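Here is a quick tour of a protein model for anyone who would rather think in side chains than in statistics. Have the structure open as you read.

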Amino acid sequence: MYCPNCGNGVRESAKFCPKCGGAIPKQTVQEVEDKLPAPNLPAEPVKAQVVEETEKSKPKTSKPAVYMMIAAAVILVIGIGSFSFVIFGSSPEYRGAVSLMKSGLYSEAATVFETLDPNYKDVDNKLAECNAMVSYQQATDLMNSGSYTEAADIFISLGDFKDSAQFAQTCTNDATYQEALACMDSGDYETAKIKLTALGNFEDSRTLLEECEKGIQYNQAVALLQKGDNEQAKAVFLSLGDFEDSALMAENCNQSIAYDNAKALYDKSDYEGAKAAYTALGDYSDAKAMSVKCQNYIDYNIAVSLM
């Protein structure tokens with residue numbers, strides 16, 4: 001129903017037009033409605049025609065072009081996501097591994113880094129650093145426990161990591177030093193001398209070298225004694241002073257010399273002289289038995305002379 005004055009749409013029960021204020025007679029309502037078209041309300045066929053013409057006017061997009069657009073959109077989204085990830089943060093696993101490194105837990109950190117993409121950030125470098133630190137700590141523990149050879153091998157494998165080169169040399173010297181001491185304890189002064197000479201001024205190597213020289217002379221004196229060259233052996237032992245049991249060995253040489261002299265007298269049938277020499281030797285070797293034997297020969301000779 002419409003206003004007969006302005007054509008504005010009004011309710012059927014309206015007596016006045018809300019737009020122009022004109023009265024709306026009951027008898028003219030139907031007449032106006034029949035005469036005036038509904039304003040701003042195009043007929044349905046017109047709307048359908050407009051939609052149809054609009055659809056026809058839109059350019060058609062080929063399927064390949066659509067696929068390319070979709071792919072480009074996906075790549076764009078991924079790129080934006082990756083850029084945001086790098087700029088605004090990192091993976092929690094990476095951050096956790098870095099935190100473990102800061103706490104000195106390099107073995108645990110290495111385990112985490114091994115699960116990450118090696119191309120992500122500096123994972124490769126971090127993993128290498130963790131592995132190096134694990135080996136470094138292992139070598140340090142071995143060094144502190146006195147396992148110098150094993151520690152040196154690890155430090156050498158680490159190259160120029162931290163102070164590995166310096167520790168490798170220190171461990172090598174310590175290992176050689178310990179080997180030299182072991183050789184000295186076993187009486188192998190020749191080998192000990194070679195090792196200590198190579199060490200130069202390391203620790204008390206110079207002082208131990210002097211001990212090795214005495215040890216070598218001591219061994220030479222023992223060899224002379226074993227060959228029966230008691231005089232030469234005695235001279236060497238006396239020159240060594242208080243080195244080991246050199247004084248005692250020199251006294252043994254004296255006793256050996258005296259025993260040899262007693263035997264020489266006995267062999268010449270000088271039983272009186274031999275007895276005196278054997279008696280002076282006390283408990284040395286079989287000196288007492290030989291002294292008794294000499295006395296027997298003396299008694300025998302006396303008995304023979306009385307016949």
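What follows goes from the overall fold to a buried leucine, then to the salt bridges and the surface patches.

## The big picture

Keep in mind that this is a predicted model. The protein has 14 helices and 0 strands, so if you walk along the sequence you just meet one α after another: α-α-α-α-α-α-α-α-α-α-α-α-α-α.

The protein is 307 residues long, and 30% of them count as buried. Its accessible surface adds up to about 20100 Å², with carbon and sulfur atoms making up 56% of that. As for contacts, take the ones with a separation of 6 or more: 38% of these link residues 24 or more positions apart.

## A look at L208

L208 is a handy place to peek inside. You'll find L208 in helix α10, which covers residues 205–226. Is L208 buried or exposed? Its relative accessibility is 11%, and because the cut-off for buried is under 20%, L208 counts as buried.

Which residues does L208 touch, once neighbours within four places in sequence are set aside? The answer is Y177, L181, M184 and L196. Take L196 from that list: L196 and L208 are 12 residues apart along the chain, and their C-alpha atoms are separated by 7.4 Å.

## Salt bridges

The count of salt bridges comes to 5. One of them pairs E179 with K195, at 3.0 Å from N to O. E179 belongs to helix α8 (residues 164–185) and K195 to helix α9 (residues 189–199), so this pair ties together parts that are 16 residues apart in sequence. Both ends can be checked for exposure: E179 is partly exposed, with a relative accessible area of 34%, and K195 is also partly exposed, at 24%.

Another salt bridge joins K263 and D267, whose closest N and O atoms are 3.1 Å apart. Here both partners sit in helix α12, and because they are 4 residues apart, about one helical turn separates them. K263 is partly exposed, with a relative accessible area of 40%. Then there is the bridge between the side chains of K288 and D283, at 2.9 Å from N to O. K288 and D283 are both exposed.

## Patches on the surface

Now for the outside. Which residues make up the patch of negative charge on the surface? They are E210, E211, D242 and E244. E244 comes from the loop between α11 (230–239) and α12 (246–267). With a relative accessible area of 48%, E244 is partly exposed, because the label exposed calls for over 50%.

There is a nonpolar patch too, formed by Y300, V304 and M307. Together these residues have about 400 Å² of accessible area. Y300 lies in helix α14, which spans residues 287–306. Y300 has a relative accessibility of 55%, so Y300 counts as exposed.

## To recap

Here are the main points again. This is a protein with 14 helices and 0 strands, and L208 in helix α10 is one of the buried residues. The salt bridge between E179 and K195 connects helix α8 with helix α9, while the bridge between K263 and D267 stays within helix α12. On the surface, look for the negative patch that includes E244 and the nonpolar patch that includes Y300.

Note on methods
Residues numbered from 1 in each chain as written. Predicted model: local features only at pLDDT ≥ 70, side-chain atom pairs only at ≥ 80, totals over all residues. Heavy atoms only, no water. Patch = residues over 30% accessible without salt bridge, like charges linked within 9 Å, V, L, I, M, F, W, Y side chains within 5 Å. Areas by Shrake-Rupley, 256 points an atom, 1.4 Å probe, with all protein chains shown as cover. Salt bridge = Lys/Arg side-chain N within 4 Å of Asp/Glu carboxyl O. Lys, Arg positive; Asp, Glu negative; His and termini not counted. Charge placed at Lys NZ, Arg CZ, Asp CG, Glu CD. Helix = DSSP H or I, 4+ residues; strand = E, 2+ residues; numbered from the N terminus. Buried < 20%, exposed > 50% of the residue type's maximum accessible area, 1.4 Å probe, protein only. Contact = heavy atoms within 4.5 Å.
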